[in-house]
Amino acid sequence: MQNSPAEPPPLRTALLAQLGGGAATLLFVAALSRISTADFLRIPLLIALLQGGLAALIALKLRSPRWWLPIHLAFMPLVVIVQGFDIAPGWFLAAFVLLLLVFWRTDRSRVPLYLTNAATAEALLKLLPTVPCRVLDLGCGDGGLLRRLAIVRPDCLFTGVEHAPLPWLVARLRTLGLANVTIRRGDFWQAPLGGHALVYAFLSPAPMPRLWAKAVREMSPGALLVSNSFAVPDQPADATVEVADRRNTRLFLYHPVPDG
Ligand SMILES: C[S@@+](CC[C@H](N)C(=O)[O-])C[C@H]1O[C@@H](n2cnc3c(N)ncnc32)[C@H](O)[C@@H]1O
């Protein structure tokens, strides 16, 4: 998914904040050295803390979402602390690759991986038509939700689309024995929504306007769009379902109809 023009790409903002924080720290330390407080230079953690604080300030100025601020604050200090441990560089590469395989391009999609719980799956089962139908999970994660639904409703066909390689692989493996589940690797923005009686989305606030536009264009008349936790902005839901779980999950239900 592309970022809206009002929101700069988060990775670019993060890089600017970190580089800006680094440059400001160098200037600050250079000024201190001139007034002979050069000992400061020998305290890498202190310098890293200063860089983190300045990077967070710059990120704030650049209208970065608030949850980036602790990341900016902690990034360089953690780099300095970890330098103190004797860890082979390969481990850092392995951790990076693992995170990439699980979260893929979350910086672009703005949709991280979190999973629908059992109570919400039960609530979804009650929303399925009583007759055989097709169900689509946009970004199906590890396939756990589709697996649950497919076992209870062998008369329905369930499709999941997932772009992150590792969750996709896990979803494929978890649903291998279920003939009524298809897991596709790809971008759900390219997946046609027509022909599905229920389209399920557990995403984030960021893609909801675009998802609504796609749903209005493509969903079959009478079909149900269910969004877990995230409402479509400026679009009253036709109904909501409160799930009795610990996080007070709310399902927003819509019957998208084409304009005009
Ligand atoms: C919040 S998780 C929900 C997982 C699953 N639907 C569930 O409810 O348990 C959202 C998933 O959408 C995937 N995703 C995000 N954007 C995507 C895209 N454009 N195409 C395919 N998958 C995407 C993410 O990788 C993540 O696994």
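Me: Which elements are included in what covers the buried residues of α7?

Reply: In this predicted model, the cover over the buried residues of α7 includes α6, β1 (134–138), β2, α8 (165–174) and β3 (181–185). The buried residues of α7 are L145, L146, R147, L149 and A150.

Me: One of these covering elements is α6. What makes α6 oblique to α7?

Reply: The two helices pack at an angle of about 45°, with their axes 10 Å apart. Angles under 35 degrees would be roughly parallel, and those from 65 to 115 roughly perpendicular. The value for this pair falls in neither range, and it is not over 145, so α6 is oblique to α7. The crossing in which α6 passes α7 is right-handed.

Me: Which residues meet where α6 and α7 pack?

Reply: On the α6 side they are A121, L124 and L125, and on the α7 side L145, R148, L149 and V152. By class, this contact holds six nonpolar residues, no polar ones and one charged.

Me: Why is A121 called partly exposed?

Reply: A121, which belongs to helix α6 (residues 118–127), has 18 other C-beta atoms within 10 Å. A buried residue needs 20 or more, and an exposed one has 12 or fewer. The count for A121 lies in between, and the residue is therefore partly exposed.

Me: Which residues is A121 in contact with, leaving aside its neighbours within four places in sequence?

Reply: They are T116, L145, R148 and L149. R110, which is 11 residues from A121 along the chain, is separated from it by 23 Å between C-alpha atoms.

Me: Why are α2 and α3 called roughly antiparallel?

Reply: Helix α2 (residues 44–61) and helix α3 (residues 68–83) pack at an angle of about 160°, and their axes are 8 Å apart. The cut-off for roughly antiparallel is an angle over 145 degrees. The angle of this pair passes that cut-off, so the two helices are roughly antiparallel to each other. The crossing of α2 past α3 is right-handed.

Me: How many residues of each class make up the contact of α2 with α3?

Reply: This contact has 17 nonpolar residues, four polar ones and no charged ones. Among those that α2 supplies are P44, L45, A48 and L49, and among those of α3 are W68, L69, H72 and L73.

Me: How do we know that I43 is exposed?

Reply: I43 lies in the loop between α1 (10–34) and α2. It has 12 other C-beta atoms within 10 Å, and 12 or fewer is the condition for being exposed, so I43 meets that condition. The C-alpha atoms of I43 and F92 are separated by 24 Å, while the two residues are 49 apart along the chain.

Me: What makes V131 count as exposed?

Reply: V131 is in the loop between α6 and β1. Its 8 C-beta neighbours inside 10 Å satisfy the limit of 12 or fewer, and V131 is therefore exposed. From V131 to A223, 92 residues apart along the chain, the C-alpha separation is 13 Å.

Me: Why is A164 called buried?

Reply: A164 has 24 other C-beta atoms within 10 Å, and 20 or more are required, so it is buried. This residue sits in the loop between β2 and α8. Beyond its neighbours within four places in sequence, A164 is in contact with L101, V102, F103, W104 and L113. A164 and R105 are 59 residues apart in sequence, yet 7.9 Å apart in space from C-alpha to C-alpha.

Me: W104 is one of the contacts of A164. How do we know that W104 is buried?

Reply: W104 has 20 C-beta neighbours inside 10 Å, which meets the condition of 20 or more, and so W104 counts as buried. It occupies the loop between α4 (89–103) and α5 (106–109).

Me: What is the phi of W104?

Reply: Phi is positive, about 50°, although W104 is not a glycine. Most residues other than glycine have a negative phi. S229, also a residue other than glycine, has a positive phi near 75°.

Me: Why is S229 called partly exposed?

Reply: S229, found in the loop between β5 (224–228) and β6 (239–242), has 19 other C-beta atoms within 10 Å. Buried begins at 20 and exposed ends at 12, so S229 is partly exposed.

Terms used: Residues numbered from 1 in each chain as written. Predicted model: local features only at pLDDT ≥ 70, side-chain atom pairs only at ≥ 80, totals over all residues. Helix = DSSP H or I, 4+ residues; strand = E, 2+ residues; numbered from the N terminus. Contact = placed C-beta atoms within 7 Å. Axes fitted to C-alpha atoms, helices over the stretch in contact; angles between N-to-C directions. Left-handed = near helix turned anticlockwise from the far one by under 90°. Nonpolar A, V, L, I, M, F, W, Y, C, P; charged D, E, K, R; others polar.
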